[in-house]
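Me: I would like to go through this model with you, one question at a time, with the reasoning spelled out before each answer.
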Amino acid sequence: DLAVSTRALSKQFKGVPALTNLALQVPAGAVYLLVGANGAGKSTTIKILLDLVRPTSGAAEVLGLDPQRHAAMVRANTGYVPEQLDWGYGWMRVGRLLEHHASYFPNWDRAYAKQLFRTFDLKLDQRMGTLSKGQGRRVHLAMALAHRPPMLILDEPTDGLDPVMRDETIGVLIVHLAETPTTMLLCTHHVAEFEQFADHIGMLRNGELRAQMPLMELQRSLRRYRDRKSTRLNSSHLVI
């Protein structure tokens, strides 16, 4: 069963390819790392999955739904943390924005939301337009998690956070996964932060999916490569 799948998905901006024949497959219940350097196509992929950008060609499904035909249903069942923080509510206070956001989600867990507010040290009376990047990221994380959606799409979720809050956030995500059945698609170029609980990985480069596999399979391949390299070095040393 796949929570996310794409077929021959391509996107061009003014004739410049951003994605080429993407065939992404995210198993239901997986924690899937989509990794790549800045500009590899990670954020474009996410925006297509949420119908924030339309593809040039190809097709996508999220939770069995076509995002272009069922955008509202896809978003209602997805917790999303964008890479770029563009609020459009700079005048609004944090607490008011969270109340506004909660009104769209019948499954909003108020007790869990309050717990997240404390963990992320949110200042509910602060205006959105005055937030730092890290503060804004924490607000987005609370908004994404508090309605316990079946799908989480997190684009660089620890970007802008200080080291202590990065560790705290990773702990929150681990606990959330243990308590809430969900599929998590994590876009990042900081693999080491999430490999402790991720189980699948896809590698984007210049808009192309170069590899896609269970994370353990990749780790075994790397160990075999290191062992072979180590053996060659030891043999050379003996010959010398």
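**Charged pairs, confidence and empty space**

Reply: To begin with one pair in this predicted model, Arg 54 forms a salt bridge with Asp 51, and their closest N and O atoms are 2.5 Å apart.

Me: Is Asp 51 buried or exposed?
Reply: Its partner in the salt bridge, Arg 54, counts as partly exposed because its relative accessibility is 43%. The relative accessible area of Asp 51 is 15%, and since the cut-off for a buried residue is under 20%, Asp 51 is buried.

Me: Which side chain of opposite charge is nearest to Lys 11, and how far away is it?
Reply: Lys 11 lies in strand β1, which covers residues 2-13, and among the residues that Lys 11 touches are Ile 48, Val 53, Arg 54 and Pro 55. Lys 11 is buried yet has no salt bridge. A salt bridge would need a nitrogen within 4 Å of a carboxyl oxygen, whereas the nearest side chain of opposite charge to Lys 11 is that of Asp 51, at 9.9 Å.

Me: How are Arg 96 and Glu 99 separated along helix α3?
Reply: The side chains of Arg 96 and Glu 99 meet in a salt bridge, with a distance of 4.0 Å from N to O. Arg 96 is partly exposed at 45% relative accessibility, while Glu 99 is exposed at 51%. Because the two residues are 3 apart in helix α3, Arg 96 and Glu 99 are separated by about one helical turn.

Me: Which residues are joined into one network by salt bridges that share partners?
Reply: Asp 159 and Arg 137 meet in a salt bridge of 3.7 Å, N to O, which links distant parts of the chain, with Asp 159 in the loop between β7 and α6 and Arg 137 in helix α5. Asp 159 is partly exposed at 25%, whereas Arg 137 is buried at 0% relative accessibility. Through shared partners, the network is made up of Lys 133, Arg 137 and Asp 159.

Me: Which strand gives the largest share of the lining of the largest cavity?
Reply: The whole structure has 1 cavity of 30 Å³ or more, and about 50 Å³ of space lies in the largest cavity. Its lining includes Leu 9, Ile 48, Pro 55 and Gly 58. The largest share of that lining, 3 residues, comes from strand β5.

Me: Over which residues does pLDDT stay under 50?
Reply: The protein averages a pLDDT of 90, and 92% of the residues score at least 70. The stretch with pLDDT under 50 has 0 contacts beyond four places in sequence, and it spans residues 235-240.

Note on methods: Residues numbered from 1 in each chain as written. Predicted model: local features only at pLDDT ≥ 70, side-chain atom pairs only at ≥ 80, totals over all residues. Heavy atoms only, no water. Helix = DSSP H or I, 4+ residues; strand = E, 2+ residues; numbered from the N terminus. Buried < 20%, exposed > 50% of the residue type's maximum accessible area, 1.4 Å probe, protein only. Lys, Arg positive; Asp, Glu negative; His and termini not counted. Contact = heavy atoms within 4.5 Å. pLDDT = per-residue confidence, 0-100. 1 Å grid on protein atoms, 1.4 Å probe; cavity = no way out; pocket = protein on both sides within 12 Å on 5 of 7 lines; lining within 4 Å. Points joined across faces, edges and corners; volume = space filled by probe spheres on them.
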